Amino acid sequence: MIRFTPQAEAIGLEVTRIEPARVWGRVPYRPELIGDPESGVIAGGVITTFLDTICGMAAVAAMDSPTTVATIDLRIDYMRAAEPGRDVLAEAHCYKLGRSIAFVRAVAFEDSADNPIAHVACAFMV
């Protein structure tokens, strides 16, 4: 999926683990991803792209016969800024796969999902 998503490739998204209906990944900290040069914080759009992409992957990982998906709804809550100089990690879970819609939740963090940068709830057209 990353090869076919130029934005995901541009941010350096890496998948670190895949299980049925679950995907884990990371975006390495890089200067070109900074949104605020004064603080060194990664741009919010990078986090959104990361979570959207990894959620789509979790939807595909939930399928018996994988196919493409398209985001039809994405609700993101930013809880704090990412820590400058740190990679951002995420885990996504497809908790409901219907005939035409997949529902996925994910969280972005540095060390633990208990201290989230952002949380997202998505729906994908299957």
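**Close-up views of a predicted model**

**View 1. Ala61 lies in helix H2, which covers residues 44-61.** The model shown here and in the other views is predicted. Ala61 has a relative accessible area of 23% and is therefore partly exposed, since the buried class requires a value under 20%. Setting aside neighbours within four places in sequence, the contacts of Ala61 are Ile18, Glu19, Pro20, Ala21, Arg22 and Val23. Of these contacts, Arg22 and Val23 fall in strand S2 (22-27). Phe4 is 57 residues from Ala61 in sequence, and the C-alpha atoms of the two residues are 16 Å apart.

**View 2. The largest nonpolar core of the protein has 32 residues.** Which members touch the most others? They are Leu13, Phe50, Leu51, Cys55, Val88 and Val104. At least two core residues come from each of strand S2 (22-27), H2, strand S6 (88-97), strand S7 (101-109) and strand S8 (118-125). H2 gives the largest share of this core, with nine residues. In soluble globular proteins, nonpolar side chains tend to be buried together.

**View 3. Val88 and the residues it touches, beyond those up to four places away in sequence.** Val88 is among the core residues that touch the most other members. The partners of Val88 that come before it in sequence are Gly25, Arg26, Val27, Ile42, Ile47, Phe50 and Ala82. Those that come after it are Ala108, Phe109 and Ile117. Phe50, one of these partners, is likewise among the core residues with the most touching members.

**View 4. The whole protein, shown as context for the close-ups, has two helices and eight strands.** Along the sequence, these elements follow the pattern α-β-β-β-β-α-β-β-β-β. The C-alpha atoms fill a box of roughly 45 × 30 × 25 Å along the principal axes. The radius of gyration is 14 Å, which agrees with the value near 14 Å for a compact globule of 126 residues. Of the contacts with a separation of 6 or more, 59% join residues 24 or more positions apart.

**View 5. The surface of the protein exposes about 6700 Å².** Carbon and sulfur atoms supply 52% of this area. What share of the 126 residues counts as buried? The share is 38%. The protein carries 11 positive and 16 negative charges, and the mean positions of the two sets are 8 Å apart.

Conventions. Residues are numbered from 1 along each chain as its sequence is written. This is a predicted model: local features need pLDDT of at least 70, side-chain atom pairs count only at pLDDT 80 or more; totals for chains, interfaces and linings use all residues. Side-chain values use heavy atoms; hydrogens and water are left out. Helices (H or I, at least four residues) and strands (E, at least two) are DSSP runs, numbered from the N terminus. The radius of gyration is taken over C-alpha atoms; the globule rule is 2.2 Å times the number of residues to the power 0.38. Buried means under 20% relative accessible area, exposed over 50%, partly exposed in between (1.4 Å probe, protein chains only). Contact means heavy atoms within 4.5 Å. Accessible areas come from the Shrake-Rupley method with a 1.4 Å probe; for residues, only the protein chains shown count as cover. Lys and Arg count as positive and Asp and Glu as negative; His and the chain ends are not counted. The place of a charge is taken as NZ of Lys, CZ of Arg, CG of Asp or CD of Glu. A nonpolar core is a set of buried Ala, Val, Leu, Ile, Met, Phe, Trp, Tyr and Cys residues joined through side-chain atoms within 4.5 Å.
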